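Reader: Hi, I'm new to looking at protein models and would like some help reading one. Could we go through it together?

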Amino acid sequence: MNIPFIVEVLGTIAFAVSGAMLAIDRKMDLFGVLFLGLVTASGGGFMRDVVLGIVPPSMFISPMLIPVGLIASFYTFLAIHWNQHLIPYLPEGLFQWILNFTDAVGLGLFTVLGVNVAIDAGYGSHHKFVIFLGMLTGVGGGMLRDILAGLTPAILRKHIYACASLLGAACYDYLLLCMQKEYAMFTGALIVMVVRMLAYHLNWNMPRAV
């Protein structure tokens, strides 16, 4: 079983859904929903591959990632379009909770995937570098998503976003010393998701000057 590939597909779906939901929330049309979903799902991996000198980036080589991102975005569009009459009756904040949950899942999965790709590229002994690339893979797509949606990127403004990714990347990198890769990936991704959702629910934020 190719665990990194499964992680990449699941992360792609989660991030595509979060990007598509934000596009819908910002009143974009179908093209905007598909484009923002795909950018969210592939942006972090694209940045990582550029830093590593992987050309063309893996999103253009894999036969699955672009179709999976587009399909997940399209089904999100259809699900909300067909059921828009139910939206006023949904519990308050449910839409935002789903967006943040799918974003947390994508953040966790892509963070450990980024560390894994950096290690496989031969940089396993450069711990700070692989941790940085893990964070970049995790937050890159969300950063591009927020910029295109006209928002200040979440990594700069709310809910321990990049810090959760950094923590998960560091944990995964060091857990590889004492456990199998599959368990280390699961644990690292779970740490990111839990910290991210706790920060969302408990309104944890980094200190500000004013």
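Author: What follows is a short conversation about salt bridges, a helix, cysteines and a surface patch. Please keep in mind throughout that this is a predicted model.

Reader: Okay, how many salt bridges are there?

Author: The count comes to four salt bridges. In one of them, the side chains of aspartate 103 and arginine 145 meet with N and O 2.9 Å apart, and this pair links distant parts of the chain, since aspartate 103 sits in helix α5 while arginine 145 sits in helix α6 (residues 127-148), 42 residues apart.

Reader: And what about arginine 196, which salt bridge is that in?

Author: Arginine 196 also meets aspartate 103 in a salt bridge, at 3.9 Å from N to O. Arginine 196 belongs to helix α8 (residues 181-202) and aspartate 103 to helix α5, so this pair ties together parts that are 93 residues apart in sequence. Salt bridges with shared partners join Asp103, Arg145, Asp146 and Arg196 into one network.

Reader: Is arginine 196 buried or exposed?

Author: Arginine 196 counts as buried because its relative accessibility is 1%, and aspartate 103, with a relative accessible area of 2%, is buried as well.

Reader: Switching to helices, how many residues does α4 have?

Author: Helix α4 has 18 residues, and from its first C-alpha to its last it reaches 26 Å, which is close to the 26 Å expected at 1.5 Å a residue. Its buried residues, including Leu65, Val68, Gly69 and Phe77, pack against α1 (3-25), α2, α3 (58-61) and α5.

Reader: Since α2 came up, what does alanine 41 touch?

Author: Alanine 41 is found in helix α2 (residues 30-52) and is buried, with a relative accessible area of 6%. If we leave aside its neighbours within four places in sequence, alanine 41 is in contact with Thr12, Phe15, Ala16 and Phe110.

Reader: What about disulfides, how many?

Author: The count comes to zero disulfides. Cysteine 171 is in none, and the nearest cysteine sulfur, belonging to cysteine 178, is 10 Å away.

Reader: Why don't cysteine 178 and cysteine 171 form a bond?

Author: Their sulfurs are 10 Å apart, which is too far for a bond, because a disulfide needs the two sulfur atoms within 2.5 Å.

Reader: Last one: which residues make the nonpolar surface patch?

Author: Ile87, Leu90, Leu94, Trp97, Ile98 and Phe101 make that patch, of about 470 Å². Isoleucine 87 lies in the loop between α4 (65-82) and α5 (94-123), and at 42% relative accessibility it counts as partly exposed.

Notes:
Residues numbered from 1 in each chain as written. Predicted model: local features only at pLDDT ≥ 70, side-chain atom pairs only at ≥ 80, totals over all residues. Heavy atoms only, no water. Patch = residues over 30% accessible without salt bridge, like charges linked within 9 Å, V, L, I, M, F, W, Y side chains within 5 Å. Areas by Shrake-Rupley, 256 points an atom, 1.4 Å probe, with all protein chains shown as cover. Helix = DSSP H or I, 4+ residues; strand = E, 2+ residues; numbered from the N terminus. Buried < 20%, exposed > 50% of the residue type's maximum accessible area, 1.4 Å probe, protein only. Contact = heavy atoms within 4.5 Å. Expected span 1.5 Å × (residues − 1).
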